[in-house]
Structures are given as C-alpha cells and as structure tokens.
Amino acid sequence: MAEVVKADVLGFCGGVRRAVRLIETELEQRGSLCTLGAIVHNSHVVDALARKGAKVVESLDEIPPGGTVAITAHGAGEGVVDEIARRGLHLVDTTCPIVRRAQTAAARLAGQGFAVVVYGEAAHPEVRGILSWTRGQGIATLSPDADVPPGTRAVAVISQTTKSPEAFAQFARTLGARLAERALKVCTLDTTCPETERRYQAATALAREVDVLFVVGSRESANTRRLAEVCQATGVPTYAIQVAGEIEDASLQDRQRVGVTAGASTPDDVICDVVRRLERQATAREAGRST
Ligand code: SF4
C-alpha cells in the first residue's frame, strides 16, 4: 500500500503566518488596504487576501491620501518607512522579526564604520531593504571575490535570511581570508533564518524515508526554490509543484512512499490539497493493480 508522508516541518513559517494574520486583522477593521509588493511570494495567498480587500501596489503614489499601506514580511528600506510617515499614510508593518534583526544589525554596523557585505541576491526585496538601512555603506553579492569600496578599513558580513548557514559560513570564510590579506578588519554576523533551515533539515530527513519527493510552493519564492534544490541534492526524484493539479501520474509510477514538503510561503490549504490528491492517486493505483 503506497503511503504519503509529510515533512515534520513544512509550509508557513512564523514570519509569514504573522504577516498574513496582521493583514487579515487590519482588513477586518478597515475593509481595505494596499500592500507594497506581494505580501508573500505566493499567488494563492495574495489572491485570497485580495478577495478580502488587499490590493498590491508597486509604488506609494498608487495609495490615496489617508490610505493604509502594509510593508511585507520581507521588510522595506529606511527611505520607504520615512516616506510613508511623510505622506501621513497609516502603516501596517509586517516585517518579520528575523528580517528586522538583519536590518537593525546592518544599520548598527554601518553606523560603527563598517562596510556591510550582505550575502544574498541584490535584486531580492529583503536584500534591497537591508542594504537601504546601511545608508550607502553596503553591497549585496553572492561572490566571495566581490570587492569592497575603496578606502574601506573594516567589513561586516551578514546574510539574506533564506541562505543556508553553511553556505553563509563558507562565503564569510573565503571573503574574510581575502580581505584579511589586505589588513582589513572583518566581522561576521550570521543573520540566516532558523525557520528556513529547519525546513531544509526536515526535507533532507524525509528524503531518507521516501521514493519520491514533492516540493509545494510558488516558483517566485526564493525559499521554495532553495528547498527544491536541497531535496534534489539528496538524489531522491524531486518534483517542484505549485498546486495539486500539477501532479503527473507518471511521477508516482512504482513509488511506495511519497514525501511532501513545502516552502515557508505555502499556505496550509494548498499543502492539504496536494496530500489529498496524492493519497487519491495512490489509492486509485492500488485499486487498478488489484483488479
Ligand atoms: S523565512 Fe524566516 S525570515 Fe523569512 S519570513 Fe519566515 S521566519 Fe521570517
């Protein structure tokens, strides 16, 4: 009998759950608000909030005077927060506390005279936000060969929250060794998110028990993409899907134990749909074999 097994830790992280709850509470009171960018990288969540009155905007110019704006769990730059106050908009700040910790560290270290190197994707909203808190004293890069601005004497290395602690440590070691050769002072602060890491570890443990893995989540989510990479690296056949409808029967051929995990922005109902569909397909195959 085929079996569907879920990872011990999967789906919404504390930061995303908190952000969605804050928005829903505000919508109950106000009826409508604007979110500055998608509240999480998952269209299912965004569409569900839109039905309750949350409109995604890309610029503060799209928000009417006196309106309400929500900053996403990824956080925002210092200039954006100041501009919201200047325009007199009502702010709902859903910045995840773990992202906030990285922003605060970036601001403090830059204030102490460090050039701040953020290990992360420069175009990602969270990284752009963190960099902004360095007030021009930071760069974002994935390459330990990246250079720091001329005249730099001290460098602080921090991370995008969704990076793995091992990858960050390796990056910081390589960069630090190179900068130390130039007699620069280097300080490293691990700002990776333990919630993300727990999902990676649970998925790796699950991979040891199953014949095939399904990773559920949006293709726009850096977190879900990285989770799929971690699963693929285990050698177990891995399928990244957004919704239950993407499951192909061929992917379950001759599989007895089917594993399911999901990124930190994937809501519970989407995961439940996938599990139910897999269980139905497993039962149908069993029935087909026994007839
Ligand atoms: S993955 Fe971590 S840092 Fe990102 S929102 Fe969730 S708890 Fe916060």
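Let us begin at the ligand: the residues of the shell around it comprise 5 nonpolar, 4 polar and 1 charged. Keep in mind as you look that this is a predicted model.

Who are these neighbours? The ligand is surrounded by C13, G15, C96, I98, V99, T161, C193, E195, T196 and N223. If you would like to find them by element, try two helices: α4, which spans 97-111, and α7, which spans 194-207, each supply at least two residues of the shell around the ligand. You can also find them by domain. Domain 1 (3-11 + 194-290) gives at least three residues to the shell around the ligand, and domain 3 (98-188) likewise gives at least three.

Now let us turn to the sheets, starting with one that includes β1. General background helps here: the strands of a sheet pair through backbone hydrogen bonds, and they do so either parallel or antiparallel. This sheet is open and has 4 strands, in the order β1-β12-β10-β11, with parallel pairing. Which strands stand at its edges? They are β1 (3-6) and β11 (238-241); each has a single partner strand, so one side of each is left without a neighbour in the sheet. On average, neighbouring strands of this sheet are turned by 25° against each other, with direction ignored.

For a look inside this sheet, follow strand β10 (residues 212-216) and strand β12 (residues 257-262), which pair in the parallel sense over 5 bridges. A handy place to put your finger is V212, which stands opposite V258 in β12.

Another sheet awaits you. It is an open sheet of 4 strands with the order β7-β6-β8-β9, and its pairing is parallel. Here β7 (138-141) and β9 (185-188) stand at the edges; each of them has a single partner strand, so one side of each lacks a neighbour in the sheet. From one strand to the next, the twist averages 20°.

In this sheet, strand β6 (residues 115-119) and strand β8 (residues 154-159) pair in the parallel sense over 5 bridges. To see the pairing residue by residue, start from V116, which stands opposite A156 in β8.

Our last stop is an enclosed space. How many cavities of 30 Å³ or more does the structure hold? It holds 1. About 40 Å³ of space lies in the largest cavity, and its lining is made up of T35, I39, V46, L49, A50, A54 and V56. Two elements, α2 (43-52) and β3 (54-57), give two or more residues to this lining. The largest share, 3 residues, comes from α2. As for the character of the residues that line the largest cavity, 6 are nonpolar, 1 is polar and none is charged.

Definitions and conventions: Residues are numbered from 1 along each chain as its sequence is written. This is a predicted model: local features need pLDDT of at least 70, side-chain atom pairs count only at pLDDT 80 or more; totals for chains, interfaces and linings use all residues. Side-chain values use heavy atoms; hydrogens and water are left out. A residue is near a molecule or strand if one of its heavy atoms lies within 4 Å of it. Ala, Val, Leu, Ile, Met, Phe, Trp, Tyr, Cys and Pro count as nonpolar, Asp, Glu, Lys and Arg as charged, and the others, Gly among them, as polar. Domain bounds come from an automatic or database domain assignment. On a 1 Å grid over the protein atoms alone, a cavity is a set of points where a 1.4 Å probe fits but cannot get out, and a pocket is an open set with protein on both sides within 12 Å along at least five of seven lines; lining residues have an atom within 4 Å of a point. Grid points are joined across faces, edges and corners, and a volume is the space filled by probe spheres set on the points. Two strands pair if DSSP finds at least two bridges between them. Axes are lines fitted to C-alpha atoms, for helices over the stretch in contact, and angles run from 0 to 180 degrees between N-to-C directions.
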